[in-house]
Amino acid sequence: MKVASNLKSLKTGALLPLVAVALVIAALWLAWTGWKLHSAARLQSAAADARHQVAEKMRPLLQTLGLRANGLGRRPDVLLALRSGNADAARALVMQAVPGTEAVELHAPSFAEAYANPEAFGYGKLGLLERAVQDGKATIAVVKDSGGPRLGIAVPIVDGAQLLSVLYLRQTLTEL
C-alpha cells in the first residue's frame with residue numbers, strides 16, 4: 001500500500017523527466033542495435049562479393065585440373081600399369097600428366113586402410129575418395145593432408161565396369 005500511495009503522491013510534472021530519460025535510453029539502444037545490424041549486413045555482403053570474385057578467378061584453373069584428372073581414368077597406360085600391379089609406374093604417369101602434384105596415392109576401392117584409422121588417414125581425404133567413387137568422376141576439394149591444407153584430387157580408375165583403384169593426388173595451394 002505504501003508504494004501505491006507513493007505513486008499517487010507523484011505529480012505528473014515530476015514523472016515527465018523520468019519518462020523522457022527512459023525514452024531517450026530506448027531510442028539510443030534501438031539506434032545502436034540498428035547500426036550493428038546494418039554493419040553486419042554490409043560485412044556479409046562484402047564477404048559474399050569477395051568469395052564470388054575468388055571463385056571466378058579460380059574457376060579456369062580448377063576446370064583445367066579437373067579435365068586432366070578425369071583424363072587419367074581413361075588413359076590406357078595408367079590402366080595397363082594398374083592391371084599389371086605396377087603402382088610405381090602408375091604414380092609416375094600420373095605425376096607427369098598432372099603437373100604440380102606433390103604426391104600420388106593408390107587406394108583399393110574398399111578403403112580398408114582408411115577405415116582402420118580414419119583420424120590418421122584424414123576424414124577429408126576419405127570423404128573426397130568416397131565422393132569420387134560415388135560420382136564416378138574426378139573430385140577436387142581442399143583437405144587437411146600432410147600437416148596442413150592441400151588441394152586433394154580423387155579419381156576413380158575404372159576398367160569396363162570394374163573399379164580398379166582410386167587415385168589421390170595432393171597439390172599445394174600456392175597456385176590457387
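Tutor: Let us start with a term: a polar contact is a pair of N or O atoms within 3.5 Å, where one must be able to donate a hydrogen and the other to accept it. Keep in mind too that this is a predicted model.

Student: Thanks! What does the side chain of Glu105 make a polar contact with?

Tutor: The partner is the side chain of His107, at 2.8 Å. Glu105 itself belongs to strand 1. Leaving aside residues up to four places away in sequence, Glu105 touches Lys125, Val166, Leu167, Tyr168 and Arg170.

Student: Before I go further, where is confidence lowest in the protein, and where is it highest?

Tutor: The general idea is that where pLDDT is low, the predicted coordinates should not be read in detail. Here helix 1 (residues 2-9) has the lowest confidence, with a mean of 57, while helix 7 (residues 123-135) has the highest, at 94. For the protein, the mean pLDDT is 88, and 92% of the residues reach 70 or more.

Student: Now the sheet. What is the order of its four strands?

Tutor: In general, strands of a sheet pair through backbone hydrogen bonds, either parallel or antiparallel. In this case the four strands form an open sheet in the order 1-4-3-2, and the pairing is antiparallel. Strand 1 (101-107) and strand 2 (139-145) are at the edges with a single partner strand each, so one side of each has no neighbour in the sheet. From one strand to the next, the twist averages 30 degrees.

Student: How many bridges pair strand 1 with strand 4?

Tutor: Six bridges, in the antiparallel sense, and strand 4 covers residues 162-171. You can follow the pairing by residue: Leu106 has Leu167 of strand 4 as its bridge partner, and Val104 stands opposite Leu169 in strand 4.

Student: And how many bridges join strand 2 to strand 3?

Tutor: Seven, with the two strands running antiparallel. Thr139, for instance, stands opposite Ala154 in strand 3. The hairpin of these strands has two residues between them, and Ser146 takes a positive phi near 55 degrees there.

Student: Which strands does helix 7 touch as it packs on the sheet?

Tutor: Helix 7 touches strand 1, strand 2, strand 3 and strand 4, and its direction makes about 165 degrees with that of strand 2. Helix 3 (residues 76-83) lies across strand 1, strand 3 (148-159) and strand 4, at about 85 degrees to strand 3.

Student: Let me try burial. Is Val143 buried or exposed?

Tutor: The cut-off you need is that buried means under 20% relative accessible area. Val143 has 5% relative accessibility, so this residue counts as buried. Val143 sits in strand 2, and its contacts beyond four places in sequence include Gly124, Lys125, Leu128 and Tyr168. For a sense of span, the C-alpha atoms of Val143 and Gly13 are 69 Å apart, with 130 residues of separation in sequence.

Student: How many residues of strand 1 are buried?

Tutor: Five of the seven, so strand 1 is mostly covered.

Student: Finally, which residues are buried in helix 4?

Tutor: Ala90, Leu93 and Val94 are buried in helix 4 (residues 87-97). Look down the axis of helix 4: the buried residues fall within an arc of 100 degrees, so they line one face of the helix. The face turned away from that buried side carries Asp88 and Gln96, which are exposed.

Technical notes: Residues numbered from 1 in each chain as written. Predicted model: local features only at pLDDT ≥ 70, side-chain atom pairs only at ≥ 80, totals over all residues. Heavy atoms only, no water. pLDDT = per-residue confidence, 0-100. Pairing = 2+ DSSP bridges. Axes fitted to C-alpha atoms, helices over the stretch in contact; angles between N-to-C directions. Contact = heavy atoms within 4.5 Å. Buried < 20%, exposed > 50% of the residue type's maximum accessible area, 1.4 Å probe, protein only. Arc of directions from axis to C-beta.
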